[in-house]
Amino acid sequence: MGSVRRLPLVTFLVVSAWTVGGLVVDRHVGHTGQLALGVFTAGVLAALLVPQPTKVRMQTLAVVGIATLGEIVGSLVWGLYGYRLENLPAFVPPGHGLVYLAGLSLATLLAARVTALLVAAGAVALTWGIAGVTVLPAPDVAGTIGCTFLIGVLVWTRRPVYAGVFMVVVGLELYGTALGTWTWRPTVPGLGLSQGNPPSGVASGYVIFDVLALTLVARLGVAAAAFQSRRRRRCDTSTTVPARMSSRAASTLSQTSQSRNPRALPSAST
């Protein structure tokens, strides 16, 4: 029980350490070094997933898959932002899994203060979103729109994991852009909306990944339960039918044996 209680804290600290150290290392390596960082990050993610419940593992892997598609579209295709080497670093896909685990761990650690976490996340999003169109030197209309969406999600769902992911992403984005690991474009390509570096509403993208991943895992769970239910009904049917057949066969055999046994027949005088 003690190890279970320590798991969220250990997970959060490990992800924080990787974020601080891993992004510093990335500044001094090329494509080969980024590949090594990717292997290391995947190893860290795998180690953190081992003690997690099966549901959390599935959610995390779903986040990795959906977020990777989002990275390909957002960075390489749409051009909302670009990484230092104009590629998709190998550590980014498993890094999304670490971000989700860190946000989930933060929400778990603050389980007794869920309302405070939701209010804090909403307050940060509201303040940053308003600042993006008022006092910040770089106008951030796109970020403000993202913050509005994020606040709506927090109010509608009241799920602390989204608030936890938002708080983790705020630190990650401020740190990553300060190091130059990635840089957001001044305007959204094709839309012309201004955005900061990072945009204030960038966490809304992560929340969308999480919403899709959690929904996918929930749907798969329902489908798996329905499949198991149908399978059990088929097994019950297959065992019931032979039992009925054997009962009928026994009855038929008894009647046949009586017809062949003269002693079993009634006497003429009866």
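Helices here are DSSP runs of H or I with at least four residues, numbered from the N terminus, and by that naming Leu216 is found in helix H8, which covers residues 203-260. The model you have open is a predicted one, and the stops below can be selected one after another.

Begin by selecting Leu216 in H8. Its relative accessible area is 40%, and because values between 20% and 50% count as partly exposed, Leu216 belongs in that class. Now add Met58 to the selection: although Leu216 and Met58 are 158 residues apart along the chain, their C-alpha atoms are separated by 9.5 Å.

Next, select Asp26, which is found in helix H1, the run of residues 2-26. Is Asp26 buried or exposed? At a relative accessibility of 1%, Asp26 counts as buried, because the cut-off for that class is under 20%. To see what surrounds Asp26, leave aside residues up to four places away in sequence and display those that Asp26 touches, namely Gln34, Leu37, Arg84, Phe91 and Thr181. With Gln34 there is also a polar contact of 2.8 Å, which joins the side chain of Asp26 to that of Gln34.

From there, move to Glu86, whose place is in the loop between strand E1 (81-83) and helix H4 (92-109). Glu86 is not a glycine, yet its phi is positive, near 55°. With a relative accessible area of 58%, Glu86 is exposed, because that class begins over 50%.

A second residue with a positive phi is Arg158, where the angle is about 55° although Arg158 is not a glycine either. To find Arg158, look in the loop between helix H6 (141-157) and helix H7 (160-179).

The next selection concerns the backbone: choose Asn197 together with Pro198, and look at the peptide bond that runs from Asn197 to Pro198, which is cis, with omega near 5°. Pro198 lies in the loop between strand E2 (182-184) and H8, so the tour is back beside the helix in which Leu216 is found.

Finish with two cysteines, selecting Cys147 and then Cys235. Cys147 has a relative accessibility of 1% and counts as buried, whereas Cys235, with a relative accessible area of 42%, is partly exposed. How many disulfides does the structure hold? The structure holds zero disulfides.

Notes: Residues are numbered from 1 along each chain as its sequence is written. This is a predicted model: local features need pLDDT of at least 70, side-chain atom pairs count only at pLDDT 80 or more; totals for chains, interfaces and linings use all residues. Side-chain values use heavy atoms; hydrogens and water are left out. Helices (H or I, at least four residues) and strands (E, at least two) are DSSP runs, numbered from the N terminus. Buried means under 20% relative accessible area, exposed over 50%, partly exposed in between (1.4 Å probe, protein chains only). A disulfide is a pair of cysteine sulfur atoms within 2.5 Å. A polar contact is a pair of N or O atoms within 3.5 Å; within protein, one must be able to donate a hydrogen and the other to accept it, and residues adjacent in sequence count only if both atoms are side-chain atoms. Contact means heavy atoms within 4.5 Å.
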